[in-house]
Amino acid sequence: MMAAAQDSPVYLGFDFSTQQLKVVAVDGNLNVVHHNNVQFDSELPEFRTQGGVHIQADKLTVTSPVLMWVKALDLLLDKMKRAGLDFSRVRALSGSGQQHGSVYWKRGASETLKQLDPDQDLSQQLQGSFSVADCPVWMDSSSSQQCQDLQAAAGGALRLAEITGSRAYERFTGNQISKLRQTRPAEYREAERISLVSSFAASLFLGDYAAIDYSDGSGMNLLDIRTRDWSEVCLEATAPHLDRLLGAPLPSTSVLGPVSSYFVRRYGFCGSCSVVAFTGDNPASLAGMRLQQGDIAVSLGTSDTVFLWIQQPRPALEGHIFCNPVDWQAYMALLCFKNGSLTRERIRNECAGGSWEHFSASLRDTPLGNTGHIGFYFDTMEITPPAVGVHLFGPDDRAVSSLSPQVEVRALVEGQFLSRRLHAERLGYSIIPGTRVLATGGASSNTDILQVLSDVFDAPVFTIDLSSSACLGSAYRALHGLVAESGVPFFEVVKNAPEPQLVATPHPAAQEVYKQMLKRFARLEERVLQQTRP
Ligand code: ADP
Ligand code: XUL
């Protein structure tokens, strides 16, 4: 590398996701110059997580150890150092976290954060800094009572959606905070600050408590998405004086301050390196994909999500409206599906000998429409729609108890994408000429899966080179954060980023096949919902 390139600035984007911590570094021309990751299950086995989480005995409570995330950061920075990344070139950094998860800092933790000793790991020093060791994460569905209470206090589900962008959802942070206060009052009382996973991660870099940003803050059932401030009625219904524990929310493009002296002295960061507000992984993906109005993003990670750029919020009883992470005047709509990659892995193990290659071959060897077989795979209580169990149907709409392995693989993938399309259309999305489906997340590396996505949506599918758009979006946001206050729009800063690549176009027969199938799917989903409704 030439001397000039070695001195040129670098921007870091971290993603604290469900199964791993990832990072990318981009240079001033937005080329990726480094990426790295730490897998929680395999590289931090002492925490005994599966897929990065612990599912508790009630099957509803799902948590992750907060120290695992801290230790993963120690490990990741060491790996980056060993790979030769010159931290002194980092001009700004930002990041994202799985949405909705909450971290409870214990009294005194802010002092510890401010006085970190560069000769010791973060995890050694922060061991005593959390009042709750196991943080509730987005997969948790144990706060139904608190959801009902919040909706009652706000004047009903729709009223709550009008204020916060969503009706009450179990995984949303306010309901988790409410549950903690009621069921573990001592730990709650010991907390001096509550962070989201994103603002917790930013706090580590800042050496102080980082503000919650508007976009990730919209996933709490606490923020008024129009005034962009905490909603009084929601705060009061959740916990007294909660605003003191949350701090004031800030625009997602804010520079929070310089990186703490711990990182300067331990890793050689420059003292003027800026920490730009961290946000949720889905908002960060929107930035990484440079999603525009009219596009639809489909993220195939641990969860599957579908999201859109919208200008005017029209909250409904299904789906979520979040403040937009790159344009404070806009919004994004999001749907979350809990049974995503982990369900695909289960069917891969049961029907394709544990091999993605065989899984893909089954998709190639079975016809569009799967000769009328349809499957619903809700291994755990689904978010969209709220149903559970595996439900299989034959071409005559009659329930069947099993399918052959190859048919089952296609039933799963077609069923998942029919559901993504059905619910996206209910949110107001429609496929028009020119619509692009932008795919990301771990499973977007599988072109056979993306072919089914293209067929079911009857639209071309594009990906960006790197499947981790949340990291990339965070690196872009770090760069944008430096100029956002002077009014430079996000798209101006990322205009030279690599264009998404076309990876699949719909089969000529797809429109006819899936138009019919979508109608059947909607009818059968209603039947499944009626059968499984408590
Ligand atoms: P997260 O960010 O939520 O931790 P990722 O977006 O990195 O997760 O996605 C991880 C998932 O990607 C894994 O659980 C795995 O099932 C899926 N995956 C990885 N490679 C493939 C592949 N070739 N085909 C299908 N799925 C894949
Ligand atoms: C979104 C959601 C998940 C998490 C984990 O509402 O719950 O997508 O952000 O990725």
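Guide: In this predicted model, a polar contact is a pair of N or O atoms within 3.5 Å.

Visitor: What makes the pair formed by Asp281 and ligand 2 a polar contact?

Guide: A polar side-chain atom of Asp281 lies 2.5 Å from an oxygen atom of ligand 2, and since the limit is 3.5 Å, the pair counts as a polar contact. The side chain of Arg171 also has an N or O atom that is 2.8 Å from an oxygen atom of ligand 2, while for Gln99 a polar backbone atom is found 3.0 Å from an oxygen atom of the ligand; both values fall within 3.5 Å, so these two pairs qualify as well. Taken alone, ligand 2 exposes 290 Å², of which the protein buries 97%.

Visitor: Which residues surround ligand 2, and of what class are they?

Guide: Among the residues that surround ligand 2 are Gln98, His100, Trp138, Asn282, Ser303, Thr305, Leu334 and Cys336. By class, this shell has three nonpolar, six polar and two charged residues; Trp138, Leu334 and Cys336 are counted as nonpolar because Trp, Leu and Cys belong to that class.

Visitor: How do you know where ligand 2 lies with respect to domain 1 and domain 2?

Guide: Domain 1 (10–283) and domain 2 (290–467 + 500–534) both give residues to the shell around ligand 2, so the ligand lies between them.

Visitor: In which pocket does ligand 2 sit, and which elements give two or more residues to its shell?

Guide: Ligand 2 sits in the second largest pocket, and the elements that give two or more residues to the shell around it are α15 (281–288) and β18 (331–337).

Visitor: What makes the pairs of ligand 1 with Gln20, Thr302 and Gly442 polar contacts?

Guide: An oxygen atom of ligand 1 is 2.6 Å from an N or O atom in the side chain of Thr302, a polar side-chain atom of Gln20 lies 2.9 Å from an oxygen atom of the ligand, and a polar backbone atom of Gly442 is likewise 2.9 Å from an oxygen atom of ligand 1. Each value is within 3.5 Å, so each pair meets the definition. Taken alone, ligand 1 exposes 590 Å², and the protein buries 80% of that.

Visitor: What can be said of the residues and the pocket around ligand 1?

Guide: Of the 16 residues around ligand 1, Ser17, Gln20, Thr302, Glu345 and Gly442 come nearest, and the ligand sits in the second largest pocket. The elements β2 (20–27) and α16 (341–351) are those that give two or more residues to its shell, which by class has three nonpolar, 11 polar and two charged residues. Domain 1 and domain 2 both contribute to this shell, so ligand 1 lies between them.

Visitor: Why is the backbone at Leu30, or at the bond from Thr384 to Pro385, worth pointing out?

Guide: Most residues other than glycine have a negative phi, and most peptide bonds are trans. Leu30, placed in the loop between β2 and β3 (32–39), has a positive phi of about 70 degrees although it is not a glycine. The peptide bond from Thr384 to Pro385 is cis, with omega near -5 degrees, and Pro385 is found in the loop between β19 (374–378) and β20 (389–393).

Definitions and conventions: Residues numbered from 1 in each chain as written. Chains lettered and ligands numbered in written order. Heavy atoms only, no water. Near = heavy atom within 4 Å. Polar contact = N/O pair within 3.5 Å; in protein donor to acceptor, adjacent residues only side chain to side chain. Areas by Shrake-Rupley, 256 points an atom, 1.4 Å probe, with all protein chains shown as cover. 1 Å grid on protein atoms, 1.4 Å probe; cavity = no way out; pocket = protein on both sides within 12 Å on 5 of 7 lines; lining within 4 Å. Sits in = over half its atoms within 2 Å of the grid points. Helix = DSSP H or I, 4+ residues; strand = E, 2+ residues; numbered from the N terminus. Domains from an automatic or database assignment.
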